Each structure stands twice: as C-alpha cells, then as structure tokens.
Amino acid sequence: MTTKTATDVFEAHRPVLLGVAYRMLGRVADAEDVVQEAWLRWTGTPRDDVREPRGYLVRITTRLAIDRLRQIKARGETYVGPWLPEPYVTDFGDTVPDTAERAVLADSVSLAVLVVLESLSPLERAVFVLREAFAFPYADIAVMLDRGEPAVRQLAGRARKHVEERRPRYEVDPAQRRDLTERFLAAAADGDLEGLMALLAPEVRLVGDSGGKSQAPLRVLQTADKAGRFLVGVAQKSLPGLSVRFLELNGGPAALILSGGEPDSVFQLDVADGRVQSVYIVRNPDKLRSLAA
C-alpha cells in the first residue's frame, strides 16, 4: 500500500473514527487528538496484512479513546455547575442516505444520550457506541476490545439497560424542533414571558454549562416558571453585536449565539408533544472554540 493510498484510506474513514471518538469522550478536541494519534499509528504500522482497514482503524481509535477516558476519570477533576458535552457539528450529508440509520446516528450523539453515557464505564461506553451507533457485530467488537464475545454481550446488555432507563424520550422531527427553537428565541429576546411559558412544558429542565467561566445557572432549573424567568432575565442583558446562526449540532437543530462575531453560547431544545421539554445552554468558552469558524 503506497503512502498516498494509505492516506486516502485513512481519510475515507476519518468521519467514522471521529464519530466513535467523540461519542466516547464528549469532547471535540480530545476526539481529534485521538484520531490524530490513530493516524500516526496507522502510518507506522505495516499494512500489507490489514485486510479490513475500517475495522482495524476503529479498533485503534476505540482503544485510544478508552485510554483517554480512563485518564480523564482518574484525574477526578471537579466541574463547576452542570456538565454538557461539547457541541459537535453533525451533517451526515450523502454519506448516510438511509433515514433509519441517520436517526440512529443522530440519537447516539444527542446531548441527552451523551450525558447518560458519562455514567458508564469506559468499556461499557465503547461497547454501546460500537454496537448501538455503528452496528458492529459482537464478534468484531470482541476482537477490537480483546474480550470474549460472551463478555462483550454482557457489557452491551448492561450498557443498553442503563441508557434506556435514564435517557428521556423526545421527538426528533427536525422541522418541529427548528420551528420551536425560532419561536423560543424570539420570545426570549422580546422578554415575552407569557409567550415563553406557552412553549415550555410545565416540568421543563434548563441545563446550563458554563464551567464557571461565564454566566449560567450552577444547578439545573426545573419548571417553566423558573426557566422562563431566567431566560427573560438573560435576554435583558443585551450583548454587543448580537447575531444568531442556525446549524445542526449533535444530530439536531441548534442556535449559535454570536457576540461581535464570536461564539457566546449554544441553545438546543428537546421537544415532545409540541412543547419544549429540555433547554440546553452551553456557555463554557472552551467548548465553543470549535464553532468559531
């Protein structure tokens, strides 16, 4: 395999590798570092005997991601306030033509699911990601993780049960979510508390992630009254050069709020029964750097 061919093969699989690493880590920069390390290992390994490059590269990436995740957990760092994954730009384009497959990939990268995945062990998380998001056979996952297939099936069962018990059920219709997001932002910007209350479910949850580096609630706000009043209060503090850009993040529509052309915050909503069930706000500047472009 020539150097050019090796590069072409790796680049063809880069989206999958980045998708695996991000779902494992919930952090864009860490995922990119893992994929870069996988590239270095790929270039330094004889490839004549590699019959299935996709599986081989996913195995390298998964093992590197497990090591990185274990290092992060071992540091035991204390995070200020609620934690949310770093926003991740998703646009499957023509690479995922099947509607069902697209829905599975979108769900597996959603903020709600990634928050639940944080509570899994690194091995459970790896098995869940490889099986549920990318549909790898148990036998292949066993080889990737150097585990027996029965052990992998047990890990998959535990992880699936844990996620199913804890993740909320929301509609994934992007058109409805986009419409509600636009109406939500308009009501908040106008200070229209009554209009906001009409959009919010009674027990709506507002989760703000600032990492202690910008203004956001240091605990989850629950109920429409608390969330609505907070949002109206925030809207009254105008930002210089405010603008809004809609884009697809974590498998669904989101609003990127810019101040003077720089990312200030990301808003994303979960919707069910025509009402907003969860409001996610990411304001940690470290998690917005990848959106600066």
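How many cavities of 30 Å³ or more does the structure hold? The structure holds 1, and the close-up views below start there. This is a predicted model, in which local features need pLDDT of at least 70, side-chain atom pairs count only at pLDDT 80 or more, and totals for chains, interfaces and linings use all residues. Residues are numbered from 1 along each chain as its sequence is written, and side-chain values use heavy atoms, with hydrogens and water left out.

**View 1. The cavity and its lining.** The largest cavity has a volume of about 30 Å³. On a 1 Å grid over the protein atoms alone, a cavity is a set of points where a 1.4 Å probe fits but cannot get out, and lining residues have an atom within 4 Å of a point. Grid points are joined across faces, edges and corners, and the volume is the space filled by probe spheres set on the points. Look for Pro87, Leu111, Leu249, Asn250, Val266, Gln268 and Val282 in the lining. These divide into 5 nonpolar, 2 polar and no charged residues (Ala, Val, Leu, Ile, Met, Phe, Trp, Tyr, Cys and Pro count as nonpolar, Asp, Glu, Lys and Arg as charged, the others, Gly among them, as polar).

**View 2. The open sheet.** Here 6 strands follow the order β2-β1-β6-β5-β4-β3, with mixed pairing. β2 (221-222) and β3 (242-249) are at the edges with a single partner strand each, so one side of each has no neighbour in the sheet. Strands (E, at least two residues) and helices (H or I, at least four) are DSSP runs, numbered from the N terminus; two strands pair if DSSP finds at least two bridges between them.

**View 3. The β3-β4 hairpin.** The antiparallel strands β3 and β4 are joined by 8 bridges, one partner pair being Leu247 and Ala254 in β4. There are 2 residues between the strands, and Asn250 in the turn has a positive phi of about 50°. Asn250 also belongs to the cavity lining of View 1.

**View 4. β5 and its neighbours.** β4 (residues 252-259) pairs with β5 (residues 262-272) in the antiparallel sense over 5 bridges. Phe267 in β5 is a handy landmark: Ala255 stands opposite Phe267, and Phe267 stands opposite Ile281 in β6. β5 and β6 run antiparallel, joined by 7 bridges, and Asp273 in their hairpin takes a positive phi near 55°.

**View 5. β6 beside β1.** β1 and β6 run parallel and share 6 bridges; Val207 has Tyr280 in β6 as its bridge partner. In β6, 6 of 8 residues are buried (under 20% relative accessible area, 1.4 Å probe, protein chains only).

Definitions and conventions: On a 1 Å grid over the protein atoms alone, a cavity is a set of points where a 1.4 Å probe fits but cannot get out, and a pocket is an open set with protein on both sides within 12 Å along at least five of seven lines; lining residues have an atom within 4 Å of a point. Buried means under 20% relative accessible area, exposed over 50%, partly exposed in between (1.4 Å probe, protein chains only).
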